[in-house]
Every structure is written in C-alpha cells, then in structure tokens.
Amino acid sequence: MTESISSALSPAPAQARRLPGDQFVWYVVLLEALTFCVLFGAFAFARVAHLELFNASQQRLNVSAGAINTALLLTASWCVARAVLTVREGGKTAGLLWLAAGWALGAGFVVFKLHEYADKAAEGIGLSTNLFFDFYFILTGFHLLHVLAGLLALLLVGAGLARQPKNAPSGYALETAAAFWHLVDLLWLVLFPLVYVMH
C-alpha cells in the first residue's frame, strides 16, 4: 500500500530528449555552419582592410531583392516547420500541402537569386570584378547550392511521405530534411545583413 502511494506521488520519469531527425544530419549542420563561419570571418576581415571598396561595391547590390529572398526563405521555413508538426499529429495530406508550399517558396528564392545574378552579369559584374564581388558570388553561390540541396531533400522526403499509410505517417525523414532546411535559412539570415546591409 505504501509503495503504491509513493509510486503514485513520485514524478514520472522524464522522456529522453532527442534531436529531431537523423543524428548524422546534425553533424552535417555543424560542419556546414563552421564552414560558413570561416567564410563570414574572412569577409569581415577583408571588409576592414578594404572598407571604401566594399562600401562602394555594396551600393551596386539590390537590397530589395535580398529582402524579398529573406521573406521567401523565412516563410518557406515556417511552412516546413508546419509540415513537420502536422505530420507528427498524423495529418499526412495537410503535411504534404505545407511541405509543397515550403518547397515552392524555396524555389522562388532560387528564381530571384538567378535573376539577380543575371542582372549583375548584364552590368558586367562577375567573379573577377573586385574583391567584394569575389566574396559576394562565393558566399551567395555556396549558399544557393545549399538551397538546391535542401529543395532536393524536401522533394525526396515529400515523395516518400506520399507513399506512406495515410493514418500513420512517419515524420522521421521529414524532420531530418527540415533540420538541414532550417540551417539554410539561418545562414541566409547572417549572410543577407552582412553582405547587403551592413556598412
């Protein structure tokens, strides 16, 4: 009797917390974040050494296009997060719709970025223009490759989710892809103000 009362009053053991998705993706996220930190640091040091050149070159960037891309990525990440939550609750169809919306917004980012590159090419601006644009194309190009990888991951995960049973979908693969996608979003939130806005 005493044992049953004490067990009823004692708190339930806490569930073991885990990172969402596959553990391997978190190693990838850490490695990619560190790589971008090195690139961001190199940009910052080069900016200090060539402040006038960087400020003058920065004026040739389209801040509005960068802001639109920021809105696209933020909204895409929100949609992907909604997809994860919806699938966790067993809503396969609604989860796929949220995932499709996130994918479409991410694809919109790619279209705007390629249009921005085309505008720069029309102005005669490329990798060999000056040090600022070397960094601009390397940073944004490397980030764009990550966006494309994220879009491919979301597409493959969506195709797999569509084949799962409607009443008990598994969100494990979706959580894994979402973790990488949120990294892409976070990197842009550092890259945009650093390259486009800060003087």
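Helices here are DSSP runs of at least four residues, numbered from the N terminus. With that in hand, the predicted model is simple to read along its sequence: the chain follows the pattern α-α-α-α-α-α-α. That gives 7 helices and 0 strands.

Let's begin with the chain as a whole. Of its 199 residues, 40% count as buried. The chain exposes about 11,000 Å², and carbon and sulfur atoms supply 70% of that area. Contacts that reach along the sequence are worth a look too: among those between residues at least 6 apart, 81% join residues at least 24 apart. The helix pairs below show where some of these parts of the chain meet.

A good place to start is the pairing of helix 2 with helix 6. Helix 2 covers residues 23-49 and helix 6 covers residues 131-162. Their axes come within 10 Å and cross at roughly 165°. Angles over 145 degrees count as roughly antiparallel, and helix 2 and helix 6 are therefore roughly antiparallel to each other. The crossing of helix 2 past helix 6 is left-handed. On the helix 2 side, the residues making the contact include Glu32, Phe36, Phe40 and Phe43. Helix 6 contributes, among others, Phe132, Phe135, Phe142 and His146.

His146 deserves a closer look. This histidine sits in helix 6 and, at 7% relative accessibility, counts as buried. Setting aside its neighbours within four places in sequence, His146 is in contact with Glu32, Phe36, Phe180 and Val184. Take Val184 as an example: 38 residues separate Val184 from His146 in sequence, but their C-alpha atoms are 6.4 Å apart in space.

Now for the aromatic rings. A pair of aromatic rings is described by the distance of the centres and the angle of the planes. The structure holds 19 aromatic pairs. In one of them, Phe43 and Phe135 meet edge-to-face, with 5.6 Å from centre to centre and 90° between the planes. This pair links distant parts of the chain, as Phe43 belongs to helix 2 and Phe135 to helix 6, 92 residues apart. Both Phe43 and Phe135 are buried.

Phe135 has another ring partner in Phe54: their centres are 6.4 Å apart and their planes make an angle of 55°, a tilted pair. Phe54 lies in helix 3 (residues 51-58) and Phe135 in helix 6, so this pair ties together parts that are 81 residues apart in sequence. Phe54 is buried, as is Phe135. Phe43, Phe54 and Phe135 also belong to one aromatic cluster, whose other members include Phe109, Tyr117, Tyr136, Trp188 and Tyr196.

Some of those cluster members turn up again where helix 5 (residues 92-122) and helix 7 (residues 172-197) come together. The axes of these two helices come within 13 Å and cross at roughly 35°, and the crossing is left-handed. Here Leu99, Gly106, Phe109, Lys113 and Glu116 in helix 5 meet Leu174, Trp181, Trp188 and Tyr196 in helix 7.

Is Lys113, a member of that meeting place, buried or exposed? Buried means under 20% relative accessible area, and Lys113, with a relative accessible area of 1%, is therefore buried. Lys113 lies in helix 5, and which residues does Lys113 contact once its neighbours within four places in sequence are left aside? They are Asn69, Tyr136, Thr140, Leu144, Trp188 and Tyr196.

Thr140, one of these contacts of Lys113, is found in helix 6. Thr140 is buried, with a relative accessible area of 1%. Leaving aside neighbours within four places, the contacts of Thr140 are Lys113, Tyr117, Phe135, Trp188, Leu191 and Tyr196. Phe135 thus brings us back to the ring pair with Phe43.

One more helix pair completes the tour. Helix 4 (residues 63-88) packs with helix 7 at an angle of about 160°, with their axes 10 Å apart. Helix 4 and helix 7 are therefore roughly antiparallel to each other, and their crossing is left-handed.

Terms used:
Residues numbered from 1 in each chain as written. Predicted model: local features only at pLDDT ≥ 70, side-chain atom pairs only at ≥ 80, totals over all residues. Heavy atoms only, no water. Phe/Tyr/Trp six-rings, centres within 6.5 Å; stacked < 30°, edge-to-face > 60°. Buried < 20%, exposed > 50% of the residue type's maximum accessible area, 1.4 Å probe, protein only. Contact = heavy atoms within 4.5 Å. Areas by Shrake-Rupley, 256 points an atom, 1.4 Å probe, with all protein chains shown as cover. Axes fitted to C-alpha atoms, helices over the stretch in contact; angles between N-to-C directions. Parallel < 35°, antiparallel > 145°, perpendicular 65-115°, else oblique. Left-handed = near helix turned anticlockwise from the far one by under 90°.
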